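Colleague: Please take me through this model by question and answer, with the cut-offs stated as they come up.

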Amino acid sequence: MRNSKEEKRFQIFGNVVMIIMSFLAVAPLILVAIVSLTDNNTLIVNGYRYIPEKWSLAAYEYIFVKNPQIIKAYAISFELTAVGTACSLFLTTLLAYAISRQGLPGRGLITFLVFFTMLFNGGLVPQYINYVNVFHVKDTFFGLLVPNLMMNAFNVMLMKSYFVSSIPSEILEAAYIDGATETQTLIRVVIPLAKPIIATIGLFAGIAYWNDWTNGYIYLAKNFSLYSIQNLLNRIVQQIQYLTQSSDSNAAALLAELPTVSVRMAMSIAGVFPVLIIYPFVQNNFVKGITLGGVKG
Amino acid sequence: MSAKMKNAGPAAVRPQQKKLAKRIKRFFPVYIMALPGLTYLFINNYMPLPGLALAFKKYSTKKGIWGSPWIGLKNFRYLFRTQDAWIITRNTIGYNLAFIILTVVLAVAVAIILSEMTTKWKKVYQSVILLPHFLSMVIVSYLVYAFLSAEHGYFNCVIFPALGIKEIAWYNEPKYWPFILVFVHIWKGIGYSCIIYLSTILGFDREIYEAAAIDGASKLKQISTITLPLLRPTIIMMVLLAIGRIFYSDFGLFYQVPQRSGILLPVTQTIDTYVYRGLLERNDMPASTAAGVYQSAVGFILVMSANLIVRRIDKDSALF
């Protein structure tokens, strides 16, 4: 009997801890969402509050009706995420399939070439010089799309280990004996069996593209029309920082021209909104993917 | 692929060579499949490697990397003579150590609590605490700003007046930032970190717990004598792997969240932010590359050593 009483206390304790943690996890997002729906003058007078004196939709009206740049940035974010995820899945699936094939001559060497990129890298500057001087990605869509995000060794190894553990090589042999070409085997046999891992990797890639701001920051120096929503948010912080620190007499005027606080907060809510929408549907897949990676990286 | 053929060497018997040639022919389409991915890795990861030479050169934009003269270790000597090298190393390692220790303690605690809970809400809890992991650091910097803004922030406008505490100009006060950055890191990463521990615990044999319960072991006793000892190998692996990455920092966290405030640099500058600033703000490519080489080299040694130790303890958990 002592145990059941203790059990009850433990359950209460657990629930309290988890409720507090869950609250902490979402409280900042809720505050920002409310700020974005607060009248801008109220914000200036009262500060950011959970219960504002005066609500307003002006910030969203500004974003979606008055400012074409924000809509444009939003469109670029979607475009980048869609194209990037597709490219990423194409490269990752094919390469992972190749290094999962038993009996492939040179398989060890190819696997090493993939794996080595996880251990050592040239760092930012050599990569920057390579992309800018050799491939001329500066101020192009490729600058957002290509560097670092398109494929990474971790995802390839994750998918490879799924192929090895979940698709018996006998099935592949059988397909070969039945006269299927490698392409047919991949499309008709492997991909249907690998749907869960493809979904997981697609999710990893999609989130990485949607959330990325570094590529735009590094590779878009002049062409602001290619800014994604993250880049736009990043740029506003940069400008405010610059203007508040500068001694320029125009600084105050320029600062006033920037989007108001409620607009900035509304932009960041718009930036997370798609993530929040898909989150309930994908988080299970995500957890499975991490677990798989933890079992064998 | 050709390396394998060379390995076979001239001494290899003919039939074997023929067999290999036949296998290569059979797998030809598979090589074609590997090609796009390998090309990408070549462009993204291998082509930049010779550029590391820049760290040993006096760079001039006109002459390019290969036309610029060699200057040996001068860039490194310059980097290590300044305070910068010490500050960025201290910050990178210091923050990572704090992250590693706190993450392990909290993630294991949360995983144990979740694993022992009977309510069906536990799935919801897990999803909710994982949510911050999906936010970009730019967004996170806006969330933090909503609380810490000097004029309108939630702390200065609501909490502090209620408690009668004086306002704090957060973005101008370095002393608070180690705590803020650690908090933000844990807040963002705790849900992610506890997933591995939770799935490990759920894989334990429940019969051990039932037997312990019959023997009258309390819940806490079960946790300390069953769960924690069984979880130890996983904890050791995760910590060692994190130590292997101790020379790398989350660029977004240290660059975005402090809103690039210059006053905060002594406590927010890490190797990664130093490299970025060298390239994009100071326009000092050689020093930036030197710091990058320093990071890559030490990082490589650390990853290899950590992996070596992991291999010794548990071969299956090792990276390779």
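The exchange below goes through the chain contact, the core, some helix pairs and a few single residues.

Modeller: This is a predicted model, in which local features need pLDDT of at least 70, side-chain atom pairs count only at pLDDT 80 or more, and totals for chains, interfaces and linings use all residues. Residues are numbered from 1 along each chain as its sequence is written, and chains are lettered from A and ligands numbered from 1 in the order in which they are written.

Colleague: Which helix of chain B gives the most to the side that touches chain A?

Modeller: The contact takes 84 residues from chain A and 77 from chain B, two residues being in contact if their C-beta atoms, placed from the backbone, lie within 7 Å. Helices here are DSSP runs (H or I, at least four residues; strands are E, at least two), numbered from the N terminus. With 11 residues, the top contributor on the chain B side is helix H3 (residues 28-46).

Colleague: How many residues of each class are on that side of chain B?

Modeller: Ala, Val, Leu, Ile, Met, Phe, Trp, Tyr, Cys and Pro count as nonpolar, Asp, Glu, Lys and Arg as charged, and the others, Gly among them, as polar. On that basis the side of chain B touching chain A has 52 nonpolar, 20 polar and five charged residues.

Colleague: Where does the largest nonpolar core lie with respect to the domains of chain B?

Modeller: A nonpolar core is a set of buried Ala, Val, Leu, Ile, Met, Phe, Trp, Tyr and Cys residues joined through C-beta atoms within 7 Å. The largest has 151 residues, and A:Leu95, A:Ala98, A:Met267, B:Ala111 and B:Ala146 touch the most other members. Because both domains of chain B give residues to this core, it lies between domain 1 (1-47) and domain 2 (74-317).

Colleague: How far apart are the centres of those two domains?

Modeller: The domain bounds come from an automatic or database domain assignment. Taken over C-alpha atoms, the centres of domain 1 and domain 2 of chain B are separated by 42 Å.

Colleague: Which residues of chain B is A:Ala98 in contact with?

Modeller: Neighbours within four places in sequence are left aside here. In chain A the contacts of A:Ala98 are A:Leu104 and A:Ile110, and in chain B they are B:Val30, B:Met33 and B:Ala34.

Colleague: Are H4(A) and H5(A) roughly parallel, roughly perpendicular or oblique to each other?

Modeller: Axes are lines fitted to C-alpha atoms, for helices over the stretch in contact, and angles run from 0 to 180 degrees between N-to-C directions. Helix H4 (residues 68-100) and helix H5 (residues 107-119) of chain A pack at about 140 degrees with axes 9 Å apart. A:Leu95, A:Ala98 and A:Ile99 in H4(A) meet A:Arg107, A:Ile110, A:Thr111 and A:Val114 in H5(A). Angles under 35 degrees count as roughly parallel, over 145 as roughly antiparallel, 65 to 115 as roughly perpendicular and the rest as oblique, and H4(A) and H5(A) are therefore oblique.

Colleague: How are H5(B) and H16(B) oriented to each other?

Modeller: The axes of helix H5 (residues 74-81) and helix H16 (residues 285-313) of chain B come within 9 Å and cross at roughly 80 degrees. That crossing makes H5(B) and H16(B) roughly perpendicular.

Colleague: Which residues make that contact?

Modeller: By class they divide into seven nonpolar, one polar and no charged. H16(B) gives B:Pro286, B:Ala287, B:Ala290 and B:Ala291, and H5(B) gives B:Asn75, B:Phe76, B:Tyr78 and B:Leu79.

Colleague: Is A:Leu43 buried or exposed?

Modeller: A:Leu43 lies in helix H2 (residues 40-46) of chain A, and its contacts include A:Val261, A:Ser262 and B:His152. A residue is buried if 20 or more other C-beta atoms lie within 10 Å of its own, exposed if 12 or fewer, and partly exposed in between, with C-beta atoms placed from the backbone. With 25 such neighbours, A:Leu43 counts as buried.

Colleague: What is the C-alpha to C-alpha distance between B:Ile246 and B:Leu97?

Modeller: B:Ile246 is in the loop between helix H12 (219-244) and helix H13 (251-256) of chain B, and with 20 C-beta neighbours inside 10 Å it counts as buried. B:Ile246 and B:Leu97 are 149 residues apart in sequence, and the distance in space is 7.6 Å.

Colleague: What is the phi of A:Asp139?

Modeller: Most residues other than glycine have a negative phi. A:Asp139 sits in the loop between helix H6 (124-134) and helix H7 (141-145) of chain A. Although A:Asp139 is not a glycine, its phi is positive, at about 60 degrees.
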